[in-house]
Amino acid sequence: MKKEELKGLIQKYKDNQLTAAELQRLKEFFHTQEFDSVFDQTTEELFLERGDSTVGVNSEQIYDNISREIHPHKKQPYRLRNWLYISTASVAAAILLSFYLNPSILSKSTEEAALAKQEQMAILPGGAKAKLVLEDGKIVDLANLSTDTTLQLAGYKIYKNAKGELTYTLTDAKIASTGLYNTIVTPKGGEYNLQLPDGSKIFVNASSTIRYPLQFDKAKREVELDGEAYFEVKQMIQNNNSIPFIVKTREQTLKVLGTSFNINSYSDRIETTLVEGKVQLSYPNKKGGLLTPNQQSRYHSSQGAFEIKDVDPFYTIAWKDGNFAFENTSLSTVMKDLERWYDVEIEYRGNFSKIRFSGTISKYESIDKVLRAIELTGSVKFKIQERRIIVMS
């Protein structure tokens, strides 16, 4: 603690204006190694500035009490302190005694600490939160970046619009040859939307990472995904040739020209769901195939197995429109979605492998309401302990 800060706190104490947080700050300082030196200098300067040495307590005795509070098992040395030091020291000493002996202050401090812990433990829906990792390794916390803000960087601009979405604009044509990449990383309870320089849009779900170049080359447009994202790819034509858009997700390579699709790779299974257009899938083991709208492919990384089936894309892409949507979905899959979105831990007390759930509910509802909806099946109950959800039969 600097002397000027200590002066201000002591003066605020004398004026009965100290908050509980400021009292806690003083208490913490009393327990530091720098207390003796800074305290003596500060109290002397404060007295010379204010010219006030009246506190109305036994300052020598209080100073001894402070020392014993700080070093309870250490024999207290005798300190030769002139009347100036003693009188001003009693101000800070009285602060410490008031903290320890005044029940109302202790109560207020305890109450504020409890409220702070309660706020930290509150389970809230996720939102637009992500880190933007630039080519040079610098990190931009997008949650703290104001809307309607433009970041001017070397050769390009990033604009965060009123909806919180990112849009890229190139300001230097030479950037195409530099091979610069940006990466979006979403945490649990976070998601983010961005528009690439070619006009394609990407909706990134929680606990996901997507890496993309700032300028695509003339032969292909390629990005890398880990987690889940929904893509709206804009067709791009140069010299009468369509430039393919490629998404690499572990072993899977997806190739499109212009289409909308969702990729989910949270587990060892990569699910690709096509909404519009056509996509070509390929894998190292030469398996793969062509997807048409309302089809979903599943590639099992551990087994190398590949399959295609017809689905209703609504349930797969509901997350990007702000909803949870399940159709005969296993309870473990449902809870994993809640775990990512609400940033909680899930604990199972029993075997729930046979329980399935169907339903649709807003992702922005309270966790209690979502859990109550699942409990209506009559086959499962939930208990919340801080940030842990316990699943019980």
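This section describes a three-stranded sheet, the helices that lie across it and a selection of salt bridges in a predicted model.

The sheet is open and its three strands follow the order β24-β27-β26, with mixed pairing. Because β24 (345-349) and β26 (381-385) stand at the edges and each has a single partner strand, one side of each is left without a neighbour in the sheet. On average, neighbouring strands of this sheet are turned by 25° against each other, direction ignored. In general, strands of a sheet pair through backbone hydrogen bonds, in either a parallel or an antiparallel manner. Five bridges join β26 to β27 (residues 388-392) in the antiparallel sense, and Lys-381 stands opposite Met-392 of β27.

Two helices are placed against these strands. Helix α8 (residues 331-342) lies across β24, β26 and β27 and runs at about 150° to β24. Helix α9 (residues 367-375) lies across β26 and β27, at about 160° to β26.

The structure contains 15 salt bridges. One of them links Arg-221 to Asp-198, with the closest N and O atoms 2.6 Å apart. Arg-221 belongs to strand β11 (residues 221-226), whereas Asp-198 lies in the loop between β8 (190-195) and β9 (201-204); the pair therefore ties together parts that are 23 residues apart in sequence. Both Arg-221 and Asp-198 are buried.

A further salt bridge joins the side chains of Arg-349 and Glu-347, at 3.0 Å from N to O. Arg-349 counts as partly exposed, with 43% relative accessibility, and Glu-347 is likewise partly exposed, with a relative accessible area of 26%. Arg-349 and Glu-347 are linked with Glu-345 and Arg-388 in a network of salt bridges.

Terms used. Residues numbered from 1 in each chain as written. Predicted model: local features only at pLDDT ≥ 70, side-chain atom pairs only at ≥ 80, totals over all residues. Heavy atoms only, no water. Pairing = 2+ DSSP bridges. Helix = DSSP H or I, 4+ residues; strand = E, 2+ residues; numbered from the N terminus. Axes fitted to C-alpha atoms, helices over the stretch in contact; angles between N-to-C directions. Contact = heavy atoms within 4.5 Å. Salt bridge = Lys/Arg side-chain N within 4 Å of Asp/Glu carboxyl O. Buried < 20%, exposed > 50% of the residue type's maximum accessible area, 1.4 Å probe, protein only.
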